Amino acid sequence: MSDPDESAERPAGAWEVLADREYRAVFAASALSWFGDSTARAAVIALVYLRTESPIASAAAFAISYLPWLGIGAVLSAITERHSYRKIMILSDLIRMGIMTALAVFGGLPVGALIGLLFISALLSPPFDSARSALLPRILQGERYVTALTLQRTSGQFALIAGYAVGAALTAVDARYALLLNAASFGLSALLVAVRVQERTPSLTADKRTNLLRETAEGYTVVFRSPVMRSIALVVFCGVCFGVVPEGLAAAWSADLAGGPNAVYLGTIMVAAAVGFVAGSIVMTWLVKPQRRNAFIRPFSLLTPLALVPALFDLNIYGVLAMTLISGAALSGTLPATNGLFVQVLPPAYRARAFGVMQSGVHLIQGGSILFTGWLATHNPLPQVVGYFAIAGVVVMAVIVATWPAHATIADAIAANKVQVAADAHAASPGADEDFGEVTIDLGRAPLAARRSRPSPGPAQRRMPGPEPSADPDAAERGPAQRRMPVSDPEERTVDLSERTTDLGALPPRSLSHGRGIVDG
């Protein structure tokens, strides 16, 4: 199991992570896909608008990429769990490459057909993203995994900005060029994964499968039944709900500040959100020691909505940029620690499904938050909408962080998952049909003497002084020290965790009923 090592003395460097050949392929494939997607998104909006001259149609073309996360994304993630993550990524890229090529070549298709093809392409994002998220912990271990996530988020932000810029430039010439560029990015991504990433056994093997709907529901169960994962999900969902507001309302806010549409104000607000997000991730990953990150989760979670409360004072553009920067940095600053904890307590057979649940929640909550605040801003002054919405966020987040699990609870959940890892490793090893034997947890303490139940002595025995008779026939031949040491069972297995363990009740009943553990790597 590849867990972020909270006892590590230093974070892993970027070059240390990029030295891994498999990760370089996944990193490059992801960056290419993000760049191509943002390039094509700008082009598709322009293409649909030129064909229809309808703002609603162009908005639908943009929003269609979020629709698959409205429930069906979790089902697609459950399908991903049944198959090779590598093959899922390659197949998703190849199909999307074909769709984007068709959109570029047959640009004269009816608008309904264009949007339908875009929807099919968007359907492949949940399985690809879930497969990549579940594959990363198998490739990288310890602090290298945390650093890899920061590199992914940072490159994603830069790819988004660069893609929009290139897409706008290509659209001025011909929108189809942007679509062809996106198709090429998908093709190169598939090639990198096919050549550089190793094949691995699916997490959900045939003997563990039930039916697709039940497996989908188990993805939600494993996240929300575990106190630790549930707390992480609530912190992340609440954070993105309020942290996305400046970016989502950037167009309206820039017009409100400038007294009309202003491309400079719009661009600076969007860039401030991206810069804050990148800065927070970098600082928490490379400047804060691993064992100190968890201490920042609660204060940074509160700071995410709190930084937007000054919007009530109707600040100028500089004040808005400062709020946006701070809020974005606080939001992203919680991610290295929460991602690290999530991986350590997440059973491996649920990886793709659990990541699918988290990604679905993030996309839906972001979209809902933007729509809700946008609707409020049509009837009320925008600074008041942002300020009062942020105050509500502070109250909600304060309740969430007040119920954040204690350090002992988190340590117990991590240790329990490690026990399940050991059980699964034994079950998958040759000779797994043999008796697993007694499992004991070595807590790094001297073992207590075993207590033996014996019948109460009779009156005559109670009156007689001297040593008690031993039930062990060989006790007389051993010295006192040897008699105190319990006999070692050759079938006994010892799992050295040096941590406490806890009940495994946070896992779905199905996992326990099959007697199998669930592992995260």
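Mentor: Contact here means heavy atoms within 4.5 Å. Keep in mind that the model is predicted.

Trainee: Leaving aside neighbours within four places in sequence, which residues is Val-386 in contact with?
Mentor: Val-386 is one of the residues that touch the most other members of the largest nonpolar core. Its neighbours within four places in sequence are left aside. The contacts are then Val-245, Leu-249, Trp-253, Leu-308 and Ala-311.

Trainee: Which helix supplies the largest share of this core?
Mentor: The largest nonpolar core has 76 residues. Tyr-23, Val-223, Trp-253, Phe-342 and Val-386 touch the most other members. Eleven residues, the largest share, come from one element, residues 227-243. That element is helix 11.

Trainee: How many residues are in the other core, the one with Leu-47 and Ile-64?
Mentor: That core lies apart from the core of 76 residues. Val-111 and Ala-175 are also among its members. Its count is 19 residues.

Trainee: What share of the residues of the protein chain count as buried?
Mentor: Buried means under 20% relative accessible area. The chain has 521 residues, with 23 helices and two strands. The buried share is 46%.

Trainee: What part of the accessible surface belongs to carbon and sulfur atoms?
Mentor: The accessible surface of the protein chain comes to about 24,600 Å². The carbon and sulfur part of that area is 64%.

Trainee: Among contacts between residues at least 6 apart in sequence, what share join residues at least 24 apart?
Mentor: Leu-364 gives an example of a contact across the sequence, since it touches Trp-69. Leu-364 and Trp-69 are 295 residues apart in sequence. For the protein chain, the share is 86%.

Trainee: How far apart in space are Leu-364 and Trp-69, C-alpha to C-alpha?
Mentor: Leu-364 sits in helix 18, residues 351-377. It is partly exposed, at 36% relative accessibility. Beyond its neighbours within four places, its contacts are Trp-69 and Leu-70. The C-alpha distance from Leu-364 to Trp-69 is 6.9 Å.

Trainee: Which helices each supply at least two residues of the nonpolar patch?
Mentor: The patch covers about 300 Å² of surface and is made by Val-271, Val-275, Leu-325 and Ile-326. Leu-325 is partly exposed, at 35% relative accessible area. One supplier spans 263-287 and the other 317-333. They are helix 14 and helix 16.

Trainee: Why is Cys-241 in no bond with the closest cysteine sulfur?
Mentor: A disulfide needs two cysteine sulfur atoms within 2.5 Å. Cys-238 has the closest cysteine sulfur to that of Cys-241, but it is too far for a bond. Both residues are buried, Cys-238 at 7% and Cys-241 at 17%. The sulfur distance is 6.3 Å.

Trainee: How many disulfides does the count come to?
Mentor: A disulfide is a covalent bond between the sulfur atoms of two cysteines. Cys-238 is in no disulfide. The count is zero.

Trainee: How many residues apart in sequence are the parts tied together by Glu-215 and Arg-82?
Mentor: The structure holds eight salt bridges. In one of them, the closest N and O atoms of Glu-215 and Arg-82 are 2.9 Å apart. Glu-215 lies in helix 10, and Arg-82 lies in the loop between helix 4 and helix 5, so the pair ties together parts that are separated in sequence by 133 residues.

Trainee: Are Glu-215 and Arg-82 buried or exposed?
Mentor: Their salt bridge has closest N and O atoms 2.9 Å apart. Both Glu-215 and Arg-82 are buried.

Trainee: What separates Arg-96 and Asp-93 along helix 5?
Mentor: Arg-96 and Asp-93 form a salt bridge, with closest N and O atoms 3.1 Å apart. Both residues are buried. They are three residues apart in helix 5, so the separation is about one helical turn.

Trainee: Where does Arg-293 lie?
Mentor: Arg-293 forms a salt bridge with Glu-143, the closest N and O atoms being 2.7 Å apart. Arg-293 is buried at 1% relative accessible area, and Glu-143 is buried at 6%. Glu-143 lies in helix 8, whereas Arg-293 lies in the loop between helix 14 and helix 15.

Trainee: Which residues are linked in a network of salt bridges?
Mentor: A salt bridge needs a side-chain nitrogen of Lys or Arg within 4 Å of a carboxyl oxygen of Asp or Glu. The linked residues are Arg-214, Glu-218 and Arg-353.

Definitions and conventions
Residues are numbered from 1 along each chain as its sequence is written. This is a predicted model: local features need pLDDT of at least 70, side-chain atom pairs count only at pLDDT 80 or more; totals for chains, interfaces and linings use all residues. Side-chain values use heavy atoms; hydrogens and water are left out. Patches are made of residues with over 30% relative accessible area and no salt bridge: like charges are joined within 9 Å, nonpolar side chains (Val, Leu, Ile, Met, Phe, Trp, Tyr) within 5 Å. Accessible areas come from the Shrake-Rupley method with a 1.4 Å probe; for residues, only the protein chains shown count as cover. Helices (H or I, at least four residues) and strands (E, at least two) are DSSP runs, numbered from the N terminus. Buried means under 20% relative accessible area, exposed over 50%, partly exposed in between (1.4 Å probe, protein chains only). A nonpolar core is a set of buried Ala, Val, Leu, Ile, Met, Phe, Trp, Tyr and Cys residues joined through side-chain atoms within 4.5 Å.
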